[in-house]
Amino acid sequence: MHDNDLSAIIEADRAHVWHHMFQHQLLESRDPRIIVEGKGMRVWDQNGREFLDAVSGGVWTVNVGYGRERIANAVRDQLIKMNYFAGSAGSIPAAKFAEVLTAKTPGLSRMYYCNSGSEANEKAFKMVRQISAQRYGGKKSKILYRDRDYHGTTIATLSACGQQQRATHYGPFVPDFVEVPHCLEYRKQWDVENYGERAAEAIEEVILREGPDTVGALCLEPVTAGGGVITPPKGYWEKVQEICRKYDILLHIDEVVCGMGRTGEWFGYQNYGIEPDFVTTAKGVASGYAAIAVMLTSDRVFDMFKDKPEDPLNHFRDISTFGGCTAGPAAALENVAIIEEEGLLDNTKAMGKRLMDGLAMLEDKHALIGNTRGLGLFCGAELVADRETREPLAEKLVQAVVAECDKQGVIIGATMRSLPGFNNTLCFSPALISTPDDIDEILTAVDNALTTVAAAM
Ligand code: PLP
């Protein structure tokens, strides 16, 4: 089958490919979309239609944009020189990238390579369980996660899933994962002035209920992504950090989405001055040019995994065949160099502000927008049927807004598989190379889409 034989490719796709998060009945009445090319901020489908991609590859991934020959060449050169050897040995790009990235995460000087965000999170979960077994007689094994957060697709990470629709039907789950309340102020759970502090205290209440000596770690997204683009309220993170220290609980920040510049800092947590024990990151690490994820941790944690004469099983007995496979760190090194050389953190701050300001103007204009929030180039607009009651807009209307943007050649996202009834937040996460014209094009498409959908209601 030739690459240009598009009808054969479409038929092969229809007959054999099981797409992710996709209802295949939809393909009874239309062709699958096949993305054939990308350059900068733009992608083209099988029919030659051009789109501005406002979601970086659909799921917040292609941070430096499409078609970067420099990354492709680095991967090619590395693969010809040395494509693979197991991670019990080192490789040149793995050592170089570990040095580059840990220089950006003071206090976290150890890096563990793996393949996906889910896997990186599982590595941290395994470490927490092993620390509990080795230091606390297995007692400090509970891992807290937050309502609306998502940490991956495996059974263990789904055991830590705050998005009910993603986890439904996949149980039974792994024991000792406990949920804490979310911190979205727009969906108030407490009528208080200092909302951030109160939301953090709600975590403390769960810790006290469970017993602090049974809780090993707290795993949180710095800004909740798929659960609704939730930026934490003021005072939240300071209090969370204080609580973790008070009860000797390891703080695990899931930077799978927010890492690698998405929020205008290298990592989302760095906006809040917190000091985590684990950081996991994946999507933007190599901007999708190679599969790579990493888990970062401190020397303190690393030192807990030294074998002892009385326990030869004290080291971390984990392996990931393709974790650290040389293409990943080779691509990641170039990815970081591009972010630095092109000043993309500053650009993210500036373009993120333009996007947020634009969304705020749309909020003034369109009653369908109940709330806008975001940090850097990671923004959301929560849609409501009624501003007074804050009733979420029906999912099919939210999807109609997404579809209207698509018709105008702009791909945006919406929260999916969040709480039932709450898949109502439009998501925007364009590449960090966005220009003012790109941002304005996104805003114009959303403006038109909201007008069209509201008129049809
Ligand atoms: N953590 C967060 C916050 C995510 O959004 C995702 C995926 O969307 C994951 C973890 C899982 O990453 P992966 O799909 O690479 O396993």
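## Exercises on a predicted two-domain model

The largest nonpolar core holds 121 residues, and V294, A331 and I412 have the most contacts inside it. This is a predicted model, so please treat the exercises below as practice on computed coordinates.

### Exercise 1: Place the core

Work out which helix gives the largest share of this core, and where the core lies relative to domain 1 and domain 2.

Solution.
- Step 1. Begin with the helix: α14, residues 436–456, contributes eight residues, the largest share of the core.
- Step 2. Now bring in the domains. Residues of the core come from both domain 1 (33–62 + 344–456) and domain 2 (69–342), so the core lies between them.
- Step 3. Zoom in on I412, one of the residues with the most contacts inside the core. Setting aside neighbours within four places in sequence, I412 is in contact with A54, V55, V402, C405, L426, C427, F428 and V446.

### Exercise 2: Describe the whole chain

Count the helices and strands in the protein chain, then decide why the chain can be called as compact as a globular protein of its length.

Solution.
- Step 1. The protein chain has 14 helices and 16 strands.
- Step 2. Its radius of gyration is 22 Å, and the globule rule gives 23 Å for 457 residues; the two values are close, so the chain is as compact as a globular protein of that length.
- Step 3. For the outer dimensions, take the principal axes: the C-alpha atoms fill a box of roughly 70 × 60 × 40 Å.
- Step 4. Burial comes next, and 48% of the 457 residues count as buried.
- Step 5. Finish with contact range. Among contacts between residues at least 6 apart in sequence, 71% join residues at least 24 apart.

### Exercise 3: Examine the domain contact

Find how far apart the C-alpha centres of domain 1 and domain 2 lie, and describe the side of domain 1 that touches domain 2 by its elements and by class.

Solution.
- Step 1. The domain assignment gives domain 1 as 33–62 + 344–456 and domain 2 as 69–342.
- Step 2. Their C-alpha centres are 26 Å apart.
- Step 3. The contact takes 31 residues from domain 1 and 27 residues from domain 2.
- Step 4. On the domain 1 side, at least two residues each are supplied by α2 (56–60), α12 (344–365), β11 (369–374), β12 (379–386) and β16 (425–428).
- Step 5. The largest share of that side, five residues, belongs to α12.
- Step 6. Sorted by class, the side of domain 1 that touches domain 2 has 15 nonpolar, 12 polar and four charged residues.

### Exercise 4: Explore the ligand shell

Determine how many residues surround the ligand, and whether G152 is buried or exposed.

Solution.
- Step 1. The ligand is surrounded by 16 residues, with S116, G117, S118, G152 and V256 the closest.
- Step 2. Helix α5 (residues 117–135) gives the most to this shell, namely three residues.
- Step 3. The classes in the shell are six nonpolar, eight polar and two charged residues.
- Step 4. Locate G152 in the loop between β5 (142–146) and α6 (155–158).
- Step 5. G152 counts as buried because 25 C-beta neighbours lie inside 10 Å, and the cut-off for buried is 20 or more.
- Step 6. Apart from neighbours within four places in sequence, G152 is in contact with G117, S118, N121 and T157.

### Exercise 5: Check some backbone details

Identify the bond that joins G171 and P172, then compare the burial of R148, S287 and T389.

Solution.
- Step 1. G171 and P172 are joined by a cis peptide bond, with omega about 0 degrees. P172 sits in the loop between α7 (164–167) and β6 (177–180).
- Step 2. R148 is not a glycine, yet its phi is positive, about 85 degrees. R148 lies in the loop between β5 and α6, and R148 is buried, with 26 other C-beta atoms within 10 Å.
- Step 3. S287 is not a glycine either, and its phi is positive at about 50 degrees. The loop between β9 (278–281) and β10 (293–297) contains S287, which counts as buried with 27 C-beta neighbours inside 10 Å.
- Step 4. T389 is in the loop between β12 and β13 (391–392). T389 is exposed because it has 9 other C-beta atoms within 10 Å, and the cut-off for exposed is 12 or fewer.

How values were computed:
Residues are numbered from 1 along each chain as its sequence is written. This is a predicted model: local features need pLDDT of at least 70, side-chain atom pairs count only at pLDDT 80 or more; totals for chains, interfaces and linings use all residues. A residue is near a molecule or strand if its C-beta atom, placed from the backbone, lies within 6 Å of it. Helices (H or I, at least four residues) and strands (E, at least two) are DSSP runs, numbered from the N terminus. Ala, Val, Leu, Ile, Met, Phe, Trp, Tyr, Cys and Pro count as nonpolar, Asp, Glu, Lys and Arg as charged, and the others, Gly among them, as polar. Two residues are in contact if their C-beta atoms, placed from the backbone, lie within 7 Å. A nonpolar core is a set of buried Ala, Val, Leu, Ile, Met, Phe, Trp, Tyr and Cys residues joined through C-beta atoms within 7 Å. Domain bounds come from an automatic or database domain assignment. The radius of gyration is taken over C-alpha atoms; the globule rule is 2.2 Å times the number of residues to the power 0.38.
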